[in-house]
Amino acid sequence: MAKVEEKKERGRIAHLPEHGPVNKENGKEVLLSVRNIDITFGKGKNENKAVKNASFDIYKGETFSLVGESGSGKTTIGRAVIRVNPLAAGEILYKGVPISGRIPHSLDREVIRNIQMVFQDPAASLNERATVDYIISEGLYNFHLYENEADRVQKVENIINEVGLLPEHLTRYPHEFSGGQRQRIGLARAMVMEPELVVADEPISALDVSIRAQVLNLMKKFQKEKDVTYLFIAHDLSIVRFISDRIGVIYKGNIVEIAESEELFDFPLHPYTHSLISAIPVPDPKLEKNKVLYTYDPSIHDYSQDKPELVNIGHEHYVYGNKKEIEEYKALREKNIPLKSIKIKNQDEPDEQDMEKHVHQTFHEEFINAPIHDTGKFIYSLLSFLLPVFGIIAAFVYKHFNYIRNYKACKKGAIAGFVTIGVLILLFLLLLLLVVI
């Protein structure tokens with residue numbers, strides 16, 4: 001009965017409030033709150049849980065980045081925020097109002113208006129049969145966010161200028177633009193709606209390095225001028241560090257660490273975060289060659305009895321672990337000594353790969369430099385088997401003159417011969433013993 005009343009109460013919320021709730025600990029306005037969400041795909045035996053009990057808050061005006069390897073659930077969460085992926089459990093609140101699941105039509109339209117998305121692939125996310133003018137104006141048409149045609153044209157021209165394109169580009173089609181220009185069009189399409197929250201799903205991963213910087217600068221410009229909040233989804237920590245206020249790290253659907261940008265890079269407590277940071281390329285080729293890459297092994301955790309949780313260990317730093325691990329993380333953080341995630345090994349110290357390469361090269365040179373008649377034919381093994389004493393002598397002679405194949409063949413045959421002779425002698429002694437008895 002209580003649940004039915006709760007559903008009715010939620011159904012009455014048809015519009016978003018002007019401001020969201022305030023976090024009592026830091027006094028910041030919470031724009032988006034993700035609470036213990038599960039997202040699954042498939043049913044029955046084919047059910048796959050892509051996101052598991054994920055929770056985090058995004059404060060108004062900040063850039064919250066969600067990072068992790070491919071397939072970790074970053075985009076799945078982003079699509080759930082814009083109400084594309086349904087939740088199996090948990091809820092998503094925008095300004096304190098639940099927006100996941102069924103909501104009133106009027107509230108749904110406000111959510112669409114206030115939360116926009118910039119997609120990863122700038123080519124696939126734009127309608128190839130529509131002009132740039134229509135692509136940018138589509139949201140204005142749907143929500144009638146203009147007074148008259150002149151006002152619509154003015155809004156479209158203003159936003160196209162702000163993203164670094166020209167008004168004459170409005171009559172063209174997406175295939176006539178480069179990747180960076182297409183992403184600018186996608187950004188213009190989102191920003192013309194004047195949203196409060198933009199979900200940016202790896203918006204720069206398909207762009208050249210120089211274009212990436214331009215798009216990021218453009219996004220920061222909009223954030224400063226229009227007070228936009230970003231949920232920035234990425235896998236490149238080197239970029240995320242300099243544009244994020246806070247960072248959440250996700251591994252196979254689990255949020256394993258959340259902290260402010262510099263806090264996370266100075267104190268990467270979870271081993272997976274450590275591995276991600278160690279993989280950041282070093283600009284110097286010599287240092288990069290000698291960098292020690294840390295590989296995360298999930299088997300180091302024993303969660304069979306003591307189940308893990310996402311816990312605040314202080315300094316607004318959340319880490320995923322069981323009680324024992326959390327105590328260890330707290331002890332490391334309380335030392336207040338920054339942890340070195342990127343380690344450069346001594347150049348004079350050979351690593352395992354160098355050793356394997358050296359051994360392989362040595363054997364390769366031995367075979368390349370071997371004489372022409374170093375064939376290692378079966379006849380050498382057979383003769384050495386029949387005459388093992390002469391075979392072992394021949395083997396060392398061949399080795400001395402670098403006949404490696406012949407040496408191995410003679411050695412193999414001689415050893416087999418000695419073993420056979422030993423077995424025959426043993427059998428003869430046993431028979432002799434039986435006769436005597």
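In the predicted model, residue Q116 is found in strand β6. With a relative accessible area of 14%, Q116 falls under the 20% limit and is therefore buried. Beyond its neighbours within four places in sequence, Q116 is in contact with R189, A190, M193, P195, L197, V198 and V199. V198, one of these contacts, is also the residue of β7 that stands opposite Q116. The two strands concerned, β6 and β7, run parallel and are joined by 4 bridges.

Strand β7 comprises residues 197-201, and 5 of its 5 residues are buried, so the strand is largely enclosed by the rest of the structure. In a regular strand, side chains alternate between the two faces of the sheet. Both faces of β7 are covered: the buried residues on one side are L197, V199 and D201, while V198 and A200 are buried on the other. Strand β7 is also joined to β8, through 5 bridges and in the parallel sense. Within this pairing, D201 stands opposite I233 in β8.

Strand β8 also contains A234. This residue has a relative accessible area of 8%, which is under 20%, and so A234 is buried. When residues up to four places away in sequence are not counted, A234 touches L66, V67, G68, K74, E202 and V240. A234 and T75 are 159 residues apart in sequence, yet their C-alpha atoms are 9.1 Å apart in space.

Nonpolar side chains tend to be buried together in soluble globular proteins. In the present model, the largest nonpolar core has 55 residues, and those with the most contacts inside this core are I136, F222, F232 and V249. For F232, the contacts outside its neighbours within four places in sequence are T63, F64, S65, L66, A200, P203, I204, L216, M219 and I243. One of these, A200, is a buried residue of strand β7. A second, separate core is made up of 32 residues, including I37, A50, Y94 and L231.

I37, named in the second core, stands opposite A54 in β2. Strand β1 (residues 30-41) pairs with β2 in the antiparallel sense over 8 bridges. An open sheet of 4 strands follows the order β2-β1-β4-β5, and its pairing is antiparallel. The edges of this sheet are formed by β2 (48-59) and β5 (97-98); each has a single partner strand, so one side of each is left without a neighbour in the sheet.

Empty space in the model was examined next. Where such space is left is shown by rolling a probe the size of a water molecule over the atoms. The largest pocket holds about 440 Å³ of space. Its lining consists of 20 residues, and I112, I115, Q116, M117 and F119 lie nearest the centre of the pocket. Q116 thus combines a place in the pocket lining with a place in strand β6. Two or more lining residues come from each of α2 (74-81), α3 (105-114), β6 (115-118), α4 (132-143) and α6 (179-191). Helix α4 gives the most to this lining, with 5 residues. By residue type, the lining of the largest pocket divides into 12 nonpolar, 3 polar and 5 charged residues.

The structure also holds 1 cavity of 30 Å³ or more. The volume of the largest cavity is about 50 Å³, and its lining is formed by T63, L216, M219, K220, Y230, F232 and I243. F232 therefore belongs to the lining of this cavity as a residue of the largest nonpolar core. Among the secondary-structure elements, α7 (209-226) and β8 (229-234) each supply at least two residues of the cavity lining. The most is given by α7, with 3 residues. The residues lining the largest cavity divide into 5 nonpolar, 1 polar and 1 charged.

A further buried position lies outside the strands described above. N290 is found in the loop between α11 (285-289) and β11 (291-292). Its relative accessibility is 10%, under the 20% limit, so N290 counts as buried. N290 and K343 are 53 residues apart along the chain, and their C-alpha atoms are separated by 8.5 Å.

Definitions and conventions
Residues numbered from 1 in each chain as written. Predicted model: local features only at pLDDT ≥ 70, side-chain atom pairs only at ≥ 80, totals over all residues. Heavy atoms only, no water. Core = buried A, V, L, I, M, F, W, Y, C linked by side-chain atoms within 4.5 Å. Buried < 20%, exposed > 50% of the residue type's maximum accessible area, 1.4 Å probe, protein only. Contact = heavy atoms within 4.5 Å. 1 Å grid on protein atoms, 1.4 Å probe; cavity = no way out; pocket = protein on both sides within 12 Å on 5 of 7 lines; lining within 4 Å. Points joined across faces, edges and corners; volume = space filled by probe spheres on them. Nonpolar A, V, L, I, M, F, W, Y, C, P; charged D, E, K, R; others polar. Pairing = 2+ DSSP bridges.
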